[in-house]
Amino acid sequence: MNPVLLVRYGEIGLKGRNRPQFEQALLRQIRRALGAWPGTAVYRTPGRVWVEPPAGTDPEPLLEALQRVFGIVAVSPAERVDLDLEAIAAGARRVLEAALEDRPGGGGPAGGPVTFKVEARRSNKRFPLTSLDLNRELGARLLAAHPELKVDVQRPQVTVHVEVRHDGAYVYARSVPGPGGLPVGVTGRACVLLSGGIDSPVAVWMAMKRGLRPICVHFHSPPFTSERAREKVVDLTRVLARWGGPLALWVVHFTEVQRAIQLDCPPELTITLMRRMMFRLAERIAARERALALVTGESLGQVASQTLESIRTISAVTTLPVLRPLIGLDKTEIVERARAIGTYDISVLPYEDCCTLFVPAHPATRPRPEQAEAAEAVRDWEPLLADALERSERLVVEPAAAPWP
Amino acid sequence: MVTQPAPGTSPGVYLDNAATTRARPEVVAAVVEALQDRFGNPASIHTAGLEAERLVKEARAVLARALDVPAEDLYFTSGGTEANNWALRGVLAAHSRRGRHLVTTAIEHSSILTTARRLEEEGYRVTIVPVDARGQVDPDRVAAAVEDDTVLVSVMLVNNEIGSIQPVEDVVRAVRRRRPEVLVHVDAVQAFGKLPVRPRAWGVDLVTLSAHKIHGPKGTGALYVRRGVRIQPLLTGGEQEGGLRPGTHNVPGIAGFGVAARLILQEQPGLSQRMQALKLRLVERVRAEVPDVDVNGPDPADGAPHIVNLSVVGARGEVLVHALAQRGVYVSTGSACTSRRTAPSHVLQALGLPPERLDSALRISLSRETTEDDVERFVAALREAAAEVRAVAAARARR
């Protein structure tokens with residue numbers, strides 16, 4: 001009895017000519033996620049990826065690691081048995097019984113018996129029984145062993161899958177959902193503005209979910225923001241890297257730009273101008289990093305800088321598309337996701353970032369682009385922006401170790 | 001990218017000695033010896049165990065001489081926080097028939113105040129006595145808070161944020177006049193090694209000490225419990241420390257504590273006089289060089305020799321700390337245990353300071369390593385940092 005994990009991917013199976021590229025990316029990401037288990041074979045058959053750890057490996061931690069690989073729709077721990085009806089039937093019975101044990105509460109619909117079906121798939125056409133034969137034969141045997149159950153081919157509560165391949169048959173009944181989405185990197189690269197707050201790490205995650213390779217950009221203004229605030233962003237990036245491997249993080253030295261805004265510009269516009277400068281710097285980093293978009297954690301109307309007017313005035317400084325994956329979410333939904341991702345507890349640590357420290361008493365809620373341009377006209381920003389970029393650091397942040405089970 | 005020189009790796013000016021101090025070389029040697037050579041378990045009956053036991057015994061003897069108490073009345077703990085927790089919980093639990101009331105002050109360390117609040121949730125009654133604008137508690141107000149069922153009064157000797165010195169002897173006298181059986185605990189973590197601590201002369205029943213504020217190792221402290229005072233252990237287990245504080249002795253920490261205490265007491269009273277003079281000079285130089293600076297808490301001439309608290313009005317303390325760190329100068333906004341919270345310090349609030357002084361407070365704390373040159377470099381760095389931070393703050397306020 002050898003444990004095998006069967007990985008299913010939905011969306012990327014549909015992508016016509018790009019399909020081989022998507023599948024290669026998925027395999028790469030799976031191998032990366034399973035780096036802690038050397039000797040694990042990862043290979044694919046049409047529409048499926050198979051993961052075979054060395055004999056005797058506990059499959060549960062691998063299952064957990066695979067739940068952080070975008071592109072995976074579901075993972076099933078399967079059992080490989082010999083190409084022989086008796087062996088297949090015994091295996092089917094084992095996985096059925098394991099699935100019944102896993103069911104809390106037990107009973108079937110309306111207090112009746114628990115329902116099941118067998119779903120066979122035969123890619124090895126030399127196997128004497130067809131899929132339909134197998135469904136019937138195995139169904140009958142399982143029912144004979146468990147007369148308390150009932151077959152329901154329309155809406156079964158337990159489905160026993162059998163895949164007949166050349167090297168053996170694979171049986172499974174349990175399925176764990178994956179995160180969905182697309183493998184990281186397949187849709188391109190984007191610069192994500194990462195503060196220490198709750199929202200932007202979720203935006204990074206959502207960008208990754210849609211296959212983007214994020215280049216994180218953080219703005220650091222010592223002494224107005226602390227070294228611990230910077231450390232916190234590194235820690236957030238470490239958590240996010242668990243979903244896609246090592247992540248690039250730019251820490252931009254923003255102090256002089258920040259100071260110039262505070263000293264030379266109208267206080268009600270400081271947030272708007274700060275965001276415009278951040279976008280300009282992120283655009284320059286995007287050019288160096290071959291990134292084609294900016295991503296932010298903005299959600300409409302949450303704070304003064306996120307009114308539609310603000311968003312327009314801020315985005316006006318860049319020609320890159322600005323993606324805002326949280327635009328349709330409420331704060332509570334964002335918090336919920338941040339908790340699930342594991343960034344929430346780090347985000348709520350109370351170290352100030354640029355945004356919280358420099359908030360004026362009465363920020364303009366409807367700044368117009370002309371206003372911002374007039375306010376910026378008081379000085380030449382180019383040397384400050386060039387200097388900020390010059391004094392930036394580019395880190396490559398390795399994933400945080402998985403929490404001990 | 002501005003990188004901050006860390007203390008020890010560059011000639012920084014470390015003025016955060018109330019948070020913790022650098023271990024002195026003799027302490028490091030004692031710790032290494034205990035880890036490497038005399039590494040036995042004092043509870044073992046063979047020679048190696050005996051050698052380790054001797055280290056613990058020597059350290060206990062040093063502390064006993066320092067406090068002028070019998071060595072058997074000292075119990076080693078994992079630090080000041082454990083000792084404070086134990087004093088409160090252990091004494092209240094052992095006197096549940098006498099009463100369920102605790103009296104303490106508004107400026108105690110969080111290991112006292114948080115424990116007191118927790119005890120309150122558990123059904124005890126707690127009275128917290130306020131302090132005056134200089135951070136001093138009035139002995140008569142403490143005595144007035146004592147009731148029929150009061151078991152324990154806990155008062156710190158030196159406050160860790162503002163350096164105010166409490167009149168412990170007067171507090172004990174006033175309390176005993178009201179009810180002689182009430183026990184008194186003194187948190188002497190910041191006082192030990194800087195001021196005389198005399199529990200027997202003062203009539204104090206329990207005293208908390210910590211090693212890392214006097215150039216000893218972190219994770220080591222002690223509680224003095226006068227013989228005859230009933231106290232329940234926090235932990236249960238082996239027979240160490242008379243069964244009152246079970247657990248294998250932290251021999252390296254304890255050995256280092258003993259050496260640190262012996263050496264710092266040898267340097268007294270000269271050391272405190274030197275620190276006091278440096279502190280007064282620092283305040284004077286800051287007043288001369290940096291406009292609009294206020295001293296919080298006691299008059300510098302009256303406070304503990306190593307702690308002074310200043311408000312640089314118009315600059316946020318937190319930002320100033322970072323701006324000073326960029327210049328290689330290390331100070332703190334409040335006590336290090338609470339300074340990561342954004343809420344203003346409970347000690348400064350207890351003084352009734354206005355918000356602009358709460359937000360702009362800095363704690364500067366000296367040690368035996370502090371020099372006149374450090375003071376000058378601090379003043380120069382503060383002048384620059386205050387100007388830098390105030391300029392930005394003023395620009396915001398201007399329009």
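Here a biologist and a modeller talk through how the terms used for this predicted model are applied.

Biologist: What should I know before we start?

Modeller: This is a predicted model, where local features need pLDDT of at least 70, side-chain atom pairs count only at pLDDT 80 or more, and totals for chains, interfaces and linings use all residues. Residues are numbered from 1 along each chain as its sequence is written, while chains are lettered from A and ligands numbered from 1 in the order in which they are written.

Biologist: Why is B:Asp68 called exposed?

Modeller: A residue is exposed if 12 or fewer other C-beta atoms lie within 10 Å of its own, buried if 20 or more do, and partly exposed in between, with C-beta atoms placed from the backbone. B:Asp68 has 12 other C-beta atoms within 10 Å, so it counts as exposed.

Biologist: And what makes B:Asp292 partly exposed?

Modeller: B:Asp292 has 13 C-beta neighbours inside 10 Å, so it falls in the partly exposed class.

Biologist: What makes the phi of these two worth a remark?

Modeller: Most residues other than glycine have a negative phi. Phi is near 60° at B:Asp68 and near 55° at B:Asp292, both positive values in a residue other than glycine. B:Asp68 sits in the loop between α2 and β2 of chain B, and B:Asp292 in the loop between α9 and β9 (293-296) of chain B. Helices (H or I, at least four residues) and strands (E, at least two) are DSSP runs, numbered from the N terminus.

Biologist: Which peptide bonds are called cis here?

Modeller: Most peptide bonds are trans. The bond from A:Pro222 to A:Pro223 is cis, with omega near 5°, and A:Pro223 lies in the loop between β11 (212-220) and α6 (227-240) of chain A. Another cis bond joins B:Gln268 and B:Pro269, with omega about 0°; B:Pro269 is in the loop between α8 and α9 (270-289) of chain B.

Biologist: How do you know that β5(B) pairs with β3(B) and β6(B)?

Modeller: Two strands pair if DSSP finds at least two bridges between them. Strand β3 (residues 101-105) of chain B is joined to β5(B) by 4 bridges, and β5(B) is joined to strand β6 (residues 183-187) by 5, so both pairs meet the cut-off. The strands run parallel in each case. B:Thr104 stands opposite B:Ser154 in β5(B), and B:Leu152 has B:Leu183 in β6(B) as its bridge partner. Strand β5 (residues 150-156) is mostly covered, with 7 of its 7 residues buried.

Biologist: Why is the β-α-β unit around β5(B) called right-handed?

Modeller: A crossover is right-handed if, with the strands pointing away from the viewer, the path from the first strand over the helix to the second runs clockwise. The unit made by β5(B), helix α6 (residues 168-178) of chain B and β6(B) is right-handed.

Biologist: What makes β2 and β4 of chain B edge strands?

Modeller: The open sheet of 7 strands in chain B has the order β2-β8-β7-β6-β5-β3-β4, with mixed pairing. β2 (74-77) and β4 (125-129) each have a single partner strand, so one side of each is left without a neighbour in the sheet. The antiparallel sense appears between β7 (residues 206-210) and β8 (residues 221-225), which pair over 5 bridges. There, B:Val207 stands opposite B:Tyr224 in β8(B).

Biologist: How are helices α2 and α8 of chain B packed?

Modeller: Helix α2 (residues 47-67) and helix α8 (residues 251-266) pack at about 35°, with their axes 8 Å apart. Axes are lines fitted to C-alpha atoms, for helices over the stretch in contact, and angles run from 0 to 180 degrees between N-to-C directions. The residues of that contact divide into 13 nonpolar, 1 polar and 2 charged. Ala, Val, Leu, Ile, Met, Phe, Trp, Tyr, Cys and Pro count as nonpolar, Asp, Glu, Lys and Arg as charged, and the others, Gly among them, as polar.

Biologist: Why is their crossing called left-handed?

Modeller: A crossing is left-handed if the near helix is turned anticlockwise from the far one by less than a right angle, and right-handed if clockwise. α2(B) passes α8(B) in the left-handed way.
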